[in-house]
Amino acid sequence: MPVTPEQQAEIDELRSKATPTLRAVAPGMEEHLYKAREVLDHGFVRVIDYMGDDAAICQAARVSYGKGTKSVQNDEGLIRYLMRHWHSTPFEMCEVKLHVKLPVFVARQWIRHRTANVNEYSARYSILDREFYIPRAEDLAAQSVINNQGRGETLTGEEAERVLRYLKDDAGRAYDHYEEMISDEGQQGLARELARMNLPANIYTQWYWKVDLHNLFHFLRLRADSHAQYEIRVYADAICEMVKDWVPAAYGAFEDYRMGGANLSGKALGCVRKMLAGEEVTQETSGMSKGEWREFMAIVEGTS
């Protein structure tokens, strides 16, 4: 069970208490507040707190830009303008604090995004639970022969069964030894900060992660992308659903310009103009490398 009975009791208590406030609230985000959205086999994401909404983005932009925004007729139009022209600071006026339970190997990938405040569960002070991420059979795949950091064909039959058996057995054995080391009968036991080093990377950890909307969008652009690793992508997808309800206008602009859009180099833009003029363009005449050309054609053909 991703949420413990104690955590669920805390969630129920928090949601049962309505506190009057004069600050701006986003009704969509209020629905998500404190609730745990289950992810993977034992993980979850839940909103602990947030600040700001679509109006806060516009308020900040109008303070800094003054008359420059007079031609924009509405908040949604202004937000789309800001997103289109890569104005980041107005989006930094919104913040969200999440409680995330995730496998350690996902956490180590996640922490590469350094523009957030993080406080993680400490295995120096506390004992980690016996919870490990074990993939579904359909999520087991061989190494990609094209992408050095991606997956290829799905494993099937005996090969898949063997891998799942190794993952379960190795994780269980490592945790048995972990418990032994910290609670040796009749002895003091090994320090928790040392015993934890024997645990596998698929054990679950938890943290509070606070980030502003601009940097959250950067995280989501990379981690909710179809090319991202599945195990972090499902967390990003869950967060996307929350952000969509929190700042619908900003999320709509993000989805259109960042997730659904594409950035072209000067050479690529030149190729597009030649193609529109009816000229034949090849990789050799484009001035691009083979890799650049492959990525460019994926955008043009809609296969990226």
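User: What is Trp 293 in contact with, leaving aside its neighbours within four places in sequence?
Analyst: In this predicted model, Trp 293 is in contact with Cys 271, Met 275, Val 281, Thr 282, Gln 283, Ser 286 and Met 288.

User: Buried or exposed, that Trp 293?
Analyst: Trp 293 counts as buried, because its relative accessibility is 15% and the cut-off for buried is under 20%.

User: Which helix is Trp 293 found in?
Analyst: Helix α13, residues 290-301. The buried residues there are Trp 293, Phe 296, Met 297 and Ala 298.

User: And what covers the buried residues of α13?
Analyst: The cover includes α11 (266-276) and α12 (283-286).

User: What span should α13 have, at 1.5 Å a residue?
Analyst: The twelve residues of α13 should span 16 Å, and the end C-alpha atoms are 16 Å apart, so the two values agree. Just after α13, Gly 302 takes a positive phi of about 75°.

User: How far apart are Trp 293 and Glu 6 in space?
Analyst: They are 54 Å apart, C-alpha to C-alpha, with their positions 287 residues apart in sequence. For scale, the C-alpha trace of the chain spans about 80 × 60 × 30 Å along its principal axes.

User: Switching to the core. Which residues touch the most other members of the largest nonpolar core?
Analyst: Trp 110, Leu 213, Leu 216 and Trp 246, in a core of 57 residues. Helix α9 (residues 230-246) contributes the largest share of this core, eleven residues. Apart from that core lies another, of 16 residues, including Ala 160, Leu 164, Tyr 175 and Tyr 178.

User: Why would nonpolar side chains be buried together?
Analyst: As a general matter, that is the tendency of nonpolar side chains in soluble globular proteins.

User: What does Trp 246 contact beyond four places in sequence?
Analyst: Trp 246 is in contact with Ala 26, Met 29, Tyr 50, Met 51, Gly 52, Asp 53, Cys 94, Glu 95, Val 96, Leu 213 and Leu 216. Leu 213 and Leu 216 also appear with Trp 246 among the residues that touch the most other core members.

User: Back to α9. How many of its residues are buried?
Analyst: Twelve of the 17, so α9 is largely enclosed by the rest of the structure.

User: Which ones are they?
Analyst: Tyr 230, Glu 231, Ile 232, Val 234, Tyr 235, Ala 236, Ala 238, Ile 239, Cys 240, Met 242, Val 243 and Trp 246.

User: What about the span of α9?
Analyst: The 17 residues should span 24 Å at 1.5 Å a residue, and the end C-alpha atoms of α9 are 24 Å apart, which agrees.

User: New topic, Gly 252. Where is it found?
Analyst: Gly 252 is in helix α10, residues 248-259. Gly 252 is partly exposed, because its relative accessible area is 30% and partly exposed runs between 20% and 50%. The C-alpha atoms of Gly 252 and Glu 76 are separated by 9.1 Å, although these residues are 176 apart along the chain.

User: Now the whole chain. How many helices and strands are there?
Analyst: The chain has 13 helices and seven strands. Of its 304 residues, 38% count as buried.

User: And what area does the chain expose?
Analyst: About 18000 Å², with carbon and sulfur atoms supplying 49% of it.

User: How far apart are the mean positions of the charges?
Analyst: The mean positions are 6 Å apart, for 37 positive and 46 negative charges.

Conventions:
Residues numbered from 1 in each chain as written. Predicted model: local features only at pLDDT ≥ 70, side-chain atom pairs only at ≥ 80, totals over all residues. Heavy atoms only, no water. Helix = DSSP H or I, 4+ residues; strand = E, 2+ residues; numbered from the N terminus. Buried < 20%, exposed > 50% of the residue type's maximum accessible area, 1.4 Å probe, protein only. Areas by Shrake-Rupley, 256 points an atom, 1.4 Å probe, with all protein chains shown as cover. Lys, Arg positive; Asp, Glu negative; His and termini not counted. Charge placed at Lys NZ, Arg CZ, Asp CG, Glu CD. Core = buried A, V, L, I, M, F, W, Y, C linked by side-chain atoms within 4.5 Å. Contact = heavy atoms within 4.5 Å. Expected span 1.5 Å × (residues − 1).
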